[in-house]
Amino acid sequence: MSGVVLIGAGGHAKVVFEALVTAGYPPGAISVRADHAQVFMGQDVLSPECPDDLTGSKVHVAIGANPVRARFL
């Protein structure tokens with residue numbers, strides 16, 4: 001199973017992270033990107049900037065605040 005890029009490190013992201021792990025994704029296969037955290041659910045957090053080319057990547061914008069989430073869509 002390939003990895004997932006999870007954008008966000010708040011409460012909504014925690015629920016999504018736990019759902020991904022329950023679905024069979026190993027925690028190490030989930031890349032967390034956010035601008036306000038350094039560690040999330042035991043994972044190092046990467047900068048929020050995603051690579052320009054995410055073709056073929058699985059990405060989930062796990063930001064609960066609608067105005068903030070809209071910036072990523």
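Two strands count as paired when DSSP finds at least two bridges between them. By that rule, β3 and β4 pair, in the antiparallel sense and over two bridges.

## Overview

This is a predicted model. The protein has two helices and five strands. Read from the N terminus, the elements run β-α-β-β-β-β-α.

Of the 73 residues, 30% count as buried. The protein exposes about 4500 Å². Carbon and sulfur atoms supply 55% of that area. Now take the contacts between residues at least 6 apart in sequence: 53% of them join residues at least 24 apart.

## The sheet

How are the five strands ordered in the sheet? The order is β3-β4-β2-β1-β5. The sheet is open, and its pairing is mixed. The edge strands are β3, residues 39-40, and β5, residues 58-61. Each of these two pairs on one side only.

Both senses of pairing can be followed at β4, residues 43-46. With β2, strand β4 pairs in the parallel sense, over two bridges. Here V32 stands opposite V45, and R33 stands opposite L46. With β3, strand β4 pairs in the antiparallel sense, again over two bridges. On that side, V39 has D44 as its bridge partner.

## The turn at M41

What lies between β3 and β4? The two strands form a hairpin with two residues between them. M41 is found in this loop. Its phi is positive, about 50°, although M41 is not a glycine. Most residues other than glycine have a negative phi.

Is M41 buried, exposed or partly exposed? The relative accessibility of M41 is 33%. Buried means under 20%, and exposed means over 50%. M41 falls in between, so it counts as partly exposed.

## The nonpolar core

In soluble globular proteins, nonpolar side chains tend to be buried together. The largest nonpolar core in this model has 14 residues. Which members touch the most other members? They are L6, F17, L20, I30, V32 and F40. Three elements give two or more residues to this core: β1 (4-7), α1 (11-22) and β2 (30-33). The largest share comes from α1, with four residues.

## Two core residues: L6 and F40

L6 has its place in strand β1. Is L6 buried or exposed? Its relative accessible area is 0%. The cut-off for buried is under 20%, so L6 is buried. Leaving aside neighbours within four places in sequence, L6 is in contact with A13, V16, F17, I30, S31, V32, R33, F40, H60 and A62. L6 also shows how the chain brings distant positions together: L6 and V59 are 53 residues apart in sequence, but 6.0 Å apart in space, C-alpha to C-alpha.

Now turn to F40. Leaving aside neighbours within four places in sequence, F40 is in contact with L6, A9, G10, A13, K14, F17, V32 and V45. Several of these names have come up before. L6, F17 and V32 are, with F40, among the core members that touch the most others. V45 is the residue in β4 that stands opposite V32.

Terms used:
Residues are numbered from 1 along each chain as its sequence is written. This is a predicted model: local features need pLDDT of at least 70, side-chain atom pairs count only at pLDDT 80 or more; totals for chains, interfaces and linings use all residues. Side-chain values use heavy atoms; hydrogens and water are left out. A nonpolar core is a set of buried Ala, Val, Leu, Ile, Met, Phe, Trp, Tyr and Cys residues joined through side-chain atoms within 4.5 Å. Buried means under 20% relative accessible area, exposed over 50%, partly exposed in between (1.4 Å probe, protein chains only). Contact means heavy atoms within 4.5 Å. Accessible areas come from the Shrake-Rupley method with a 1.4 Å probe; for residues, only the protein chains shown count as cover.
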